[in-house]
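Colleague: I'm still new to reading structures like this one. Could you pick out the open sheet and take me through it slowly, along with whatever sits around it?

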Amino acid sequence: MLNAYYLLGYDWQETLKAWREAGLRTLPVMITVCNRTETAARVKHAFDSRRIRIEELCDPERILHIDSKVLDEAEEKEEVNIVGSGQWIADGDEEAASEEAQPSTRHSSLTAAQKAELLRQTVDTVGKAGQPGEKIQNVISVGMLSEGWDAKTVTHIMGLRAFTSQLLCEQVVGRGLRRTSYEVNPETGLFEPEYVNIFGVPFTFLPHESTAGGPPPPPTPKTAVEPDPAKAEFEIRWPNVVRIERVFQPRLTLDWSKVRPLELDAAQTAQVAELAPILEGKPDVTRIERIELERLAKEFRTQRIIFETARDVFDQMKHTWQGSREVLLAQLVRIVEQFIRSDRISISPPLFYQDELGRRLIITLNMSRVVQHVWEAVQQENTEKLVPVFDRDHPIRSTGDMRPWYTGKPCERTRRSHINVCVYDSTWEASDAFVLDDSDAVAAWVKNDHLGFEVFYVYRGVVRKYRPDFLVRLANGDMLVLETKGQDTEQDKVKRHYLDEWCQAVNTHGEFGRWRWAVAHRPGEIRDILMQNQEARAGS
């Protein structure tokens, strides 16, 4: 996502420069269309903390964060703080604001209703000279701008959500196609074309409609999948862990020679984007424009890369660090500098490694991976204790919590599972389910489908969810998290690492029994895994 913002943001900067040179009073506007309020808040925080390194877009006075939650808070709260001219934070949510941004007092005398109305006016007047929304140039929205919004200065759109219908795509794209000029080209007799640059919106001007005749086929019969009250003895419960915190030793040490190198592939790193206008549903390849990021490397000197990487690692550690935060930051700067200046970053092709400017560019565009690599290395060598943090509202989950759902896939009734049937996604999975239902080593089992058992992990700088295939309560009382998998990928190995930490943290907590994990790499291997884990407890 960061690289997408770099590409679109630098193109927005060029538009800003052109508008200023033309003497325009209004500013070009970039809008981000998010799927959820949480996503919008993360994007907002990224701009506030300048993790998206486009300085003009990070100006808090020119950012508008708007969604239904913000509007509701503005209308319902007795007090509403206004940060800058575009940031709105309901009373009690000040922590969501950037630490750099200081609350403005220019509207402190307004009532809650007046402030809510001012917010609406700001939204409605984006890009209109002399109006409250005149200075806004960065809009972060959740579903508020799909229709009925008439800003004429939107030049760039970032789509960070799934678009389930062509109509929704058309509504979002329409935010950037409000005509500003009705002058006719004397040569063509038509209006001059106006464009908006868009990332992440799968827009089609003429959606395809099937011409096949005849009535639609009958629906496939569905099977209800739900807990069976008659089999409550096979209920499986697990701790609902939202994150794992670490207790670190006070002095950080790290031997980089023992840490695997970070491999970065320049060919897999987007450095250029090509944009073409779409007319009559087809791109005009004769008018392609390039957005290049080489300037980014010139702005990011090695020392800046070091400090920003150390800052991001610091942000992940500071909440559980028990000593001085200044000491922590100083140690992280030292560790990151050793890493950045070492040979532990491998860039291919070698041309980028040999060229200092190219090396800085690839490292900057992969900053999230660099941060994650340093963070994992530091925590692996310096963690004294793993502490699970449970969901506050639902600290324990159960097979009995699963809501009924329906499937047309093959399925079979179960004997030792709390869920009435097991839905099969493959013959291998069906074979393993038969073994689990028949083995004397198994007291209860369930397929992890619609249950909500998830292990959070980070891969290439992105937080993801890992859902193992089966949960098994062995006859000896131990719990086994079981995965069936063929050949492992790099991402699979990262998942296992986080699953192992999950089991360690839960076992250290001590109130949820003993948890293990295992992977079956071949069909039929599950029988040996069950016996080995059953006997391991007897021999321990």
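Modeller: Here is a walk through the sheet, then the helices on it, then a cavity. Keep in mind that this is a predicted model.

Let's start with the strands. The open sheet has four of them, in the order E22-E25-E26-E27, and the pairing is mixed. At the edges you'll find E22 (442-447) and E27 (515-520), each of which pairs on one side only. Going from one strand to the next, the twist averages 20°. If you're wondering what holds such strands side by side, strands of a sheet pair through backbone hydrogen bonds, either parallel or antiparallel. Now zoom in on E26 (residues 479-484): six bridges join E26 to E27, and the two run parallel. For a landmark there, look for Val 481, which stands opposite Trp 517 in E27.

Next, the helices. Helix H12 (residues 427-438) packs on the sheet and touches E22, E25 (470-474), E26 and E27. The direction of H12 makes about 150° with that of E22. Then there's helix H13 (residues 490-509), which lies across E26 and E27 and runs at about 160° to E27.

Finally, follow E22 to a cavity. A search of the whole structure turns up one cavity of 30 Å³ or more, with about 80 Å³ of space in it. Thirteen residues line this cavity, and the closest to its centre are Ile 419, Val 421, Cys 422, Lys 447 and Asp 449. Strand E21 (421-423) and our edge strand E22 each supply at least two residues of the lining. Sorted by class, the lining has 10 nonpolar, one polar and two charged residues.

Key. Residues are numbered from 1 along each chain as its sequence is written. This is a predicted model: local features need pLDDT of at least 70, side-chain atom pairs count only at pLDDT 80 or more; totals for chains, interfaces and linings use all residues. Side-chain values use heavy atoms; hydrogens and water are left out. Two strands pair if DSSP finds at least two bridges between them. Helices (H or I, at least four residues) and strands (E, at least two) are DSSP runs, numbered from the N terminus. Axes are lines fitted to C-alpha atoms, for helices over the stretch in contact, and angles run from 0 to 180 degrees between N-to-C directions. Contact means heavy atoms within 4.5 Å. On a 1 Å grid over the protein atoms alone, a cavity is a set of points where a 1.4 Å probe fits but cannot get out, and a pocket is an open set with protein on both sides within 12 Å along at least five of seven lines; lining residues have an atom within 4 Å of a point. Grid points are joined across faces, edges and corners, and a volume is the space filled by probe spheres set on the points. Ala, Val, Leu, Ile, Met, Phe, Trp, Tyr, Cys and Pro count as nonpolar, Asp, Glu, Lys and Arg as charged, and the others, Gly among them, as polar.
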